[in-house]
Structures are given as structure tokens and as C-alpha cells.
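Student: Could you take me through this structure and explain, for each label you use, what justifies it?

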Amino acid sequence: MHLILFDSPRRTDLLPLTYTRPVGDLRVGILTIKEKWELWLDAPASFLTADYLAKKFEVTYGSSNLYLYGGLLPSKDLLEELDDNPDKAILNETGEVLAFKSKKQFTSYEELKKEVKNSTIGKYDAIYYPYDIFLKNGQEINSDFELLTKDRKSEELSETNTLIGNNLFIEEGAQVEASILNTSTGPIYIGKNATIMEGSVVRGPLALSDNSVLKMGAKIYGPTTLGPFCKVGGEVSNVVFQAYSNKGHDGFLGNSVIGEWCNLGADTNSSNLKNNYAPVRLWNYGNQRFVNTGLQFCGLIMGDHSKCGINTMFN
């Protein structure tokens with residue numbers, strides 16, 4: 001069976017993060033959504049996405065295909081629903097297709113939706129807006145942690161560190177020295193060849209992906225994710241760095257999503273709370289206006305290849 005992660009018209013609600021990738025290539029938790037599905041179902045996945053992205057993210061069909069909304073997050077309940085009703089499409093509460101098994105090779109979401117005859121309504125976790133990524137990051141770190149560490153043994157933690165709790169997993173080649181790691185609030189996953197430098201204080205959940213670095217004296221509040229090859233310092237709270245991005249110096253960043261190949265200059269700060277405590281509004285590219293998120297805490301959404309200079313302040 002082939003897994004095909006399709007983009008619906010809702011992908012514009014995830015801009016600017018989806019300018020350069022399909023929805024299913026977004027990282028939430030430890031893994032990208034594509035990587036999650038491949039591990040859960042032990043099957044290859046590809047993307048059905050916008051034409052201008054299709055050259056890089058090609059779709060691969062099989063004799064049997066499971067079409068999944070790219071932002072749909074796997075769970076045991078969802079897999080049971082797919083097994084119990086293999087001939088029915090799963091829709092969300094607003095009638096959008098979440099999952100559909102078919103031998104046909106659809107080339108667009110509209111073509112796929114027209115084919116749906118029998119369906120069932122399900123309420124399952126999915127990513128529809130940029131802030132969903134940091135809101136659901138905690139549950140996804142826990143889920144991915146269980147998936148990646150099951151029946152495996154962690155590398156030993158150096159005695160120079162202070163460990164609170166025992167929900168820690170260290171991959172081969174990682175280096176952690178003279179830091180405080182608190183796993184009583186959630187697991188801490190340290191990927192291959194990742195580094196936590198001296199004096200760092202981490203409160204889980206934390207996903208530190210392969211080859212990423214926490215700089216000296218970093219203060220990290222979970223749930224936070226550093227994708228592969230990221231470097232982060234200063235104070236960070238509930239942030240997801242997709243990959244290859246740097247916030248190497250002091251400054252606060254909270255309730256935010258940072259794309260790939262971004263760089264935040266020294267002493268960059270981002271507010272995640274309005275000074276009148278009102279809900280935060282966020283720019284929506286599809287509607288071309290600011291939309292109320294309903295969130296009291298919401299910080300910076302930064303698309304790929306964005307950069308800011310030293311002492312930048314984001315409101």
C-alpha cells in the first residue's frame with residue numbers, strides 16, 4: 001500500500017510555512033507528519049501537492065493507495081477506524097476529506113472528493129493553522145518518543161549532569177555535559193550527534209533532533225522541538241524549529257514556529273502576549289487580513305529562509 005499525503009485548499013491557512021513544502025512535510029513533535037505515517041504503517045509515503053511544488057515533492061501511486069490529508073496526525077483510534085471501515089472515507093466535522101482508500105490515481109483534492117460516496121465523520125487531530133503546530137507539539141513529542149524508543153536502550157548520560165525523572169532517551173553520538181534535565185514534565189529526546197552545552201537548563205518535553213545544538217546557558221521550556229541541524233540559545237518556550245535554523249544568542253522566543261534556514265540575530269525578542277491580554281490576531285494569507293486566533297499566547301510564525309538582524313523586536 002502507498003500512502004499519499006494530499007494538500008487540501010486549506011493549505012493557504014498554513015502559509016507562510018507551506019510556501020516551500022507540502023503540509024505533510026511539516027514537523028510537529030520529533031518527526032515530520034510524513035515520517036510519522038511511514039513509521040506507523042510501515043509503508044512509503046509521497047505527496048499530492050501544488051503544481052509548483054510537485055517537481056520536488058513527487059507523488060507515487062501504487063495498486064492500492066491510502067489518501068491522507070497532509071496535516072492529519074496518526075493515532076491508534078484513527079488506525080482502528082481505517083481498519084473497521086476500509087470502504088468509507090473519513091471526513092472531519094466540516095465535511096473535508098481526511099482519509100480515503102482507493103485504487104484510483106487522483107491528481108487533485110477536488111478530483112478525490114468527487115469520488116467519495118460513502119463516508120463517516122471523525123474528530124481526529126490535524127494541523128490546519130500555523131499555531132496548531134506549537135499547540136499540539138507536546139502530545140506529538142510524547143507520541144513520537146514512544147514510537148522511536150520502544151524496545152530500545154538509551155545511551156548513558158554523563159555524570160556531570162543533573163537528571164530529574166527518568167524519561168530521557170539519548171541517541172548514539174550525542175554529547176550532554178553539566179546541564180539540568182527535568183523529565184518529570186515530559187520526555188526529553190536527544191538525537192544522533194546532538195549537543196547540549198554546559199549550563200543549559202531544560203524542562204521537558206523536548207525534542208533535540210540529529211546534529212542540533214543547545215548553546216551554553218540555554219533555558220528551554222517544553223514542549224519545544226529543534227529540528228535537524230538547528231542551533232538555539234537564550235530563553236525558548238513552546239517553540240518548533242523545523243530544521244537548519246539558528247537562534248544562537250540571548251533573547252526570548254515563545255509559542256512560535258520557525259521554518260527552515262532561518263536566522264535570528266543576537267538579542268532578538270518576540271512577544272507572545274499582548275499587553276492588554278487580548279487574544280492575538282495572526283495574518284491569514286488566504287483571507288488577506290488578520291484573523292483572531294483565540295489564543296492569549298501566540299508568538300512568531302517565520303517562513304523558510306527568513307532572517308532578522310540583531311536587537312530585532314517582534315510584537
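**Labels and the values behind them**

Tutor: This is a predicted model, in which local features need pLDDT of at least 70, side-chain atom pairs count only at pLDDT 80 or more, and totals for chains, interfaces and linings use all residues. Residues are numbered from 1 along each chain as its sequence is written, and side-chain values use heavy atoms, with hydrogens and water left out.

Student: Why is D84 called exposed?

Tutor: Exposed means over 50% relative accessible area, buried under 20%, and partly exposed in between (1.4 Å probe, protein chains only). D84 has a relative accessible area of 59%, so the label exposed applies. This residue lies in helix α2, residues 76-84, where a helix is a DSSP run of H or I with at least four residues and a strand a run of E with at least two, numbered from the N terminus.

Student: What makes strand β21 largely enclosed by the rest of the structure?

Tutor: Nine of the nine residues of β21 (residues 252-260) are buried, and therefore the strand counts as largely enclosed.

Student: How do you know that β21 pairs with strand β19?

Tutor: Two strands pair if DSSP finds at least two bridges between them. Seven bridges join β19 (residues 235-243) to β21, so the criterion is met, and the two strands run parallel. One of the bridge partnerships links F241 with I258 of β21.

Student: What joins β21 to strand β26?

Tutor: Two bridges join β21 to β26 (residues 301-302), again in a parallel arrangement, and because at least two are required, this counts as a pair. Here V257 has I301 in β26 as its bridge partner.

Student: Why is V201 called partly exposed?

Tutor: V201, which is found in strand β13 (residues 201-203), has a relative accessible area of 38%, and because this value falls between 20% and 50%, partly exposed is the right term.

Student: What makes the phi of N211 worth noting?

Tutor: Most residues other than glycine have a negative phi. N211 is not a glycine, yet its phi is positive, at about 65°. N211 is found in the loop between β14 (206-208) and β15 (213-214), and its relative accessible area of 28% makes it partly exposed.

Student: Which residue is joined to P16 by a cis peptide bond?

Tutor: L15 is joined to P16 by a cis peptide bond, with omega about 10°, and P16 has its place in the loop between β1 (2-6) and α1 (33-41). Most peptide bonds are trans.
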